[in-house]
Each structure stands twice: as C-alpha cells, then as structure tokens.
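Please take the following structure apart by question and answer. Keep each answer short and end it on the value or name requested.

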Amino acid sequence: MSQRWSRKKSRLPLAGLLFMLVVTFMILFNERSIQQIHHHAASHGQNLREASTSNLVKPNVPGNYYLGALEVLDRFSKCNSTKEYSGKKIGWVDPFDDPGQIAKEEQKCDVFSGKWVFDNSSSYPLHKESQCPYMSDQLACQKHGRKDLEYQHWRWQPHACNLKRWNVTEMWEKLRGKRLMFVGDSLNRGQWISMVCLLQSVIPREKQSMSPNAHLTIFRAEDYNATVEFLWAPLLVESNSDDPVNHRLGERIIRPDSVLKHASKWQHADILIFNTYLWWRQDSVKLRWSSEERGSCEEVKGAEGMEMAMNTWGDWIANNVDPNTKRIFFVTMSPTHQWSREWNPGSEGNCYGEKKPIEEESYWGSGSDIPTMKMVKRVLDRLGPKVSVINITQLSEYRKDGHPSVYRKFWEPLNEDRLKNPASYSDCTHWCVPGVPDVWNQLLFQFL
C-alpha cells in the first residue's frame with residue numbers, strides 16, 4: 001500500500017509539469033491569435049482610412065502658376081471631354097488650429113434679428129444717388145424712372161439694441177492707411193458701390209480717383225492713404241467666368257482646388273469682404289482639376305461645386321490669415337424675389353411694383369437655400385475667429401421692394417413689347433442704391 005502510494009505520488013510532479021506546459025502553450029497560442037486579430041483590425045482600419053482619404057485633394061498647391069505650366073482658365077477655355085465625376089473632395093486643415101482656443105466672441109446683441117422701420121428723417125437715405133459720380137446704371141433706380149422712393153427710407157432696427165450710427169469720418173479713420181477689398185460677384189460689387197458712394201462725399205474731388213473697370217477696380221482717397229476696392233471673382237476659385245465684362249457663358253468651368261489666381265490680388269488687403277452664391281444656382285458646373293490634362297473635365301451639381309470652392313477658399317484663409325493683423329468678413333447669400341405668390345398667395349408677379357417690405361418675421365422665400373447656408377456655416381465654423389459673418393439673408397428676405405425691377409440699364413433696350421409686360425423683364429436679384437446694400441455696409445461698420 002505504501003509502495004503504491006509512493007509510485008502514485010512520484011507521478012504527480014510529472015502530471016503537474018505536463019499540465020503547466022499545456023496551459024502555457026494555450027496562453028501563447030491565444031495571445032498570438034489575439035495579436036493577429038489586432039494586426040488584421042489595424043490593417044483593416046488603415047485601409048479604411050486610406051480609402052476614405054484617397055479621394056481628398058490638397059488645394060492651393062503653388063508652383064505651377066508661377067512656372068507657367070498650368071493652363072489659366074479664361075472665357076475661351078473649353079472642355080475637350082467630360083467624364084464621370086471621380087468623387088474627389090477638397091481636404092484641408094488649419095495648421096494653426098488649437099482645439100482649446102477661445103471661440104468667436106459672442107455679440108451682446110443679435111444685430112441680424114430685427115425689423116425694417118420707415119424713416120423719412122433728413123438722415124435717410126445715408127447718401128444721394130445723384131451725388132455719387134461712381135453710381136452704377138444697373139443700380140440707379142431713381143435715375144431710370146422709379147418714382148416711388150420709399151425704398152430709400154427704410155432703416156434696419158435690431159430687436160434688442162440699436163445699430164451703430166453711420167459716421168463717414170469715423171469710417172475713414174478705420175480705413176486710414178489700409179486696403180478695404182470686396183471680393184465676389186455682382187451683388188458684392190453692389191455693396192462696394194454703396195460703400196464708395198457712402199464714403200466719397202467727404203473727399204475733395206482732386207484727392208480721389210477711380211481706376212478703370214477691370215478685374216480689380218480701385219477707389220483711392222489720397223488724404224487717408226486708403227483704397228476701397230472690388231475684385232471680380234464670382235466663384236471664388238479660378239474659372240472661365242473671371243472676365244468682369246465677358247462672363248456670360250453657357251458652360252461654366254472652374255478649377256475647384258485653387259484660388260491662387262485671385263488670391264495673388266487679394267492677399268495684401270487689410271480688410272476683405274467675400275461673397276459667393278448666385279452663380280452656383282445653375283444646374284451643373286464643369287471641373288478642371290489642377291492635376292488633370294488640359295481640356296479634361298468632370299461635371300457636378302452647382303451646390304457640390306460651391307462646397308468645393310468654399311473649402312478651397314477656407315484652406316487659403318486657414319493658412320494665410322492672422323486675425324490679429326487682417327480682418328476677414330463673409331457675407332451670406334443675398335435672396336431673390338422672383339415669385340410674388342410666395343409673399344402674396346394667388347398672385348403671379350415678381351418684385352415689380354412692390355413698395356413695402358414683408359412684415360412676417362418668419363418669411364423665407366425660395367431665393368435662399370437652407371442646405372447651402374448650412375454648408376457655408378460648417379466651413380466658417382472651422383475657421384473660427386479668422387472670419388466674421390455678415391448675415392444679410394433674413395433681413396434682405398423682407399425687402400421685396402428693394403430691387404431695380406425695370407428701373408435700370410439693361411443689356412438690351414426695353415422695347416415696346418417688354419414695357420407692356422414689365423413683370424417679365426424685372427431684375428429681382430440686384431438692389432437699388434441707395435437702399436438695402438447701405439444697411440449691409442452699416443453692419444460692416446458695426447463690426448469693424
């Protein structure tokens with residue numbers, strides 16, 4: 001009995017050793033399997049990341065423009081071929097972005113929320129159409145026959161505060177030694193004309209000058225060593241519509257990944273006011289990527305093209321703007337009033353004949369696109385304090401009465417047939433000056 005016990009006892013250490021070996025092997029095997037799973041998952045994640053970023057294009061890559069290797073788009077540019085959209089997107093980061101940075105300073109009062117108040121005091125309008133030598137015939141409604149002048153006397157009144165009173169001398173002091181530049185389309189040009197008309201009256205005629213109409217038009221005030229400029233760049237990125245006169249083209253082509261041609265003119269300005277919107281409202285736009293061979297295009301919807309352009313513009317702002325030394329403003333979309341049934345159900349007209357603003361505070365017409373506004377907000381939010389927003393959209397929505405309609409110079413003469421049906425020939429996109437654009441400039445004055 002004791003001998004059997006002795007033999008059984010002698011086997012126990014060997015069994016324990018075998019058990020330990022088996023357990024160790026199983027642990028090592030499982031650990032290797034886990035490592036393989038992790039490695040596979042990491043590789044899969046990397047592949048997903050590579051797949052998700054492989055179609056991102058780095059915008060505004062310099063070099064080709066200065067070497068002359070890249071074709072510059074102009075009104076003679078054509079697409080030799082158009083292929084299916086490749087899915088490329090604009091990828092950009094702000095190299096100076098600090099996740100912990102202080103957000104934009106909130107305004108104590110929302111100056112964009114309010115109502116229009118009729119004011120026929122001597123202080124309104126802020127300037128006289130006939131006294132501005134730089135007035136555009138496309139915006140001079142009184143000159144072209146508009147008799148009802150109430151549109152000049154509406155003052156914007158925020159709900160919770162007052163707008164800073166316009167002071168031309170104070171504005172010039174803000175601009176002393178600086179370049180103020182508007183960049184964008186004809187609506188931004190209207191705001192620029194409004195600003196020049198607001199400012200020029202206190203400058204002696206011999207101490208002011210205006211350069212000829214061109215891609216960049218400059219008003220100079222000698223005593224203040226200051227300029228108020230307008231750069232024609234309706235799509236922000238380079239396009240075949242960048243000629244300020246001959247830009248009425250059936251096929252619009254953009255270089256979605258570059259603002260460098262325009263930026264070479266705006267980069268040294270001290271205060272920049274950008275806009276873009278109206279020209280993206282067409283059905284589609286052609287893309288000519290910097291990396292593509294000459295004449296090869298892709299096609300996307302206008303809204304997609306605008307998002308690409310906004311991101312390319314955002315990349316330039318992120319990499320080139322110090323908010324301590326340069327002020328950047330973005331003006332939101334300017335609404336149109338093409339269908340009177342939107343504010344007067346049952347009617348079949350447009351802005352022609354309208355004499356008063358819309359009073360319904362929640363009014364929103366089809367001339368302003370909410371998805372576009374949300375996209376613009378996403379881009380501007382990424383830029384943080386580098387860009388201040390001038391939100392003109394809602395307050396301008398109310399002003400169905402502020403457009404030229406037929407009271408302007410047209411590309412073609414108003415013949416008898418058109419005069420019999422003026423509603424069909426009305427400009428319900430641009431704005432009479434004096435008028436709504438003066439308030440946009442009051443808002444700019446408020447923020448400077």
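Q: At about what angle does helix 10 run to strand 15?
A: This is a predicted model: local features need pLDDT of at least 70, side-chain atom pairs count only at pLDDT 80 or more, and totals for chains, interfaces and linings use all residues. Residues are numbered from 1 along each chain as its sequence is written, and side-chain values use heavy atoms, with hydrogens and water left out. Helix 10 (residues 436-447) lies across strand 6 (179-184), strand 11 (271-274), strand 14 (327-331) and strand 15. Its angle to strand 15, taken between N-to-C directions on a scale from 0 to 180 degrees with axes fitted to C-alpha atoms (for helices over the stretch in contact), is about 155°.

Q: What is the strand order of the open sheet of 7 strands?
A: Helices (H or I, at least four residues) and strands (E, at least two) are DSSP runs, numbered from the N terminus. Two strands pair if DSSP finds at least two bridges between them. In this sheet the pairing is mixed, and the order is 7-8-9-6-11-14-15.

Q: Which strands stand at the edges of this sheet?
A: An edge strand here has a single partner strand, so one side of it is left without a neighbour in the sheet. The strands in that position are strand 7 (208-210) and strand 15 (388-390).

Q: Which residue is the bridge partner of serine 209 in strand 8?
A: Strand 7 and strand 8 (residues 216-221) pair in the antiparallel sense. Their pairing covers 3 bridges. In strand 8, the partner of serine 209 is arginine 220.

Q: How many bridges join strand 6 to strand 11?
A: Strand 6 pairs with strand 9 (residues 226-232) in the parallel sense over 6 bridges, and arginine 179 stands opposite threonine 227 there. Strand 6 also runs parallel to strand 11, where leucine 180 has isoleucine 271 as its bridge partner. The number of bridges between strand 6 and strand 11 is 4.

Q: How many residues of strand 6 are buried?
A: Buried means under 20% relative accessible area, exposed over 50%, and partly exposed in between (1.4 Å probe, protein chains only). Strand 6 is mostly covered. Of its 6 residues, the buried count is 5.

Q: Why does the end-to-end distance of helix 4 agree with its length?
A: The expected span is 1.5 Å times one less than the number of residues. Helix 4 (residues 186-200) has 15 residues, so it should span 21 Å. The distance between its end C-alpha atoms agrees with that, at 20 Å.

Q: Which residue caps the N-terminal end of helix 4?
A: A side-chain oxygen lies 3.0 Å from the backbone nitrogen of leucine 187. The helix itself is mostly covered, with 14 of its 15 residues buried. The capping residue is aspartate 185.

Q: What kind of aromatic pair do phenylalanine 274 and tryptophan 313 form?
A: Rings of Phe, Tyr and Trp (its six-membered ring) pair if their centres lie within 6.5 Å; planes under 30 degrees apart count as stacked, over 60 as edge-to-face and the rest as tilted. A search of the whole structure finds 15 aromatic pairs. For phenylalanine 274 and tryptophan 313, the centres are 5.3 Å apart and the planes stand at 70°, making the pair edge-to-face.

Q: Is aspartate 369 buried, exposed or partly exposed?
A: Aspartate 369 lies in the loop between strand 14 and helix 7 (370-383). Its relative accessible area is 23%. Aspartate 369 is therefore partly exposed.

Conventions
A polar contact is a pair of N or O atoms within 3.5 Å; within protein, one must be able to donate a hydrogen and the other to accept it, and residues adjacent in sequence count only if both atoms are side-chain atoms. Contact means heavy atoms within 4.5 Å.
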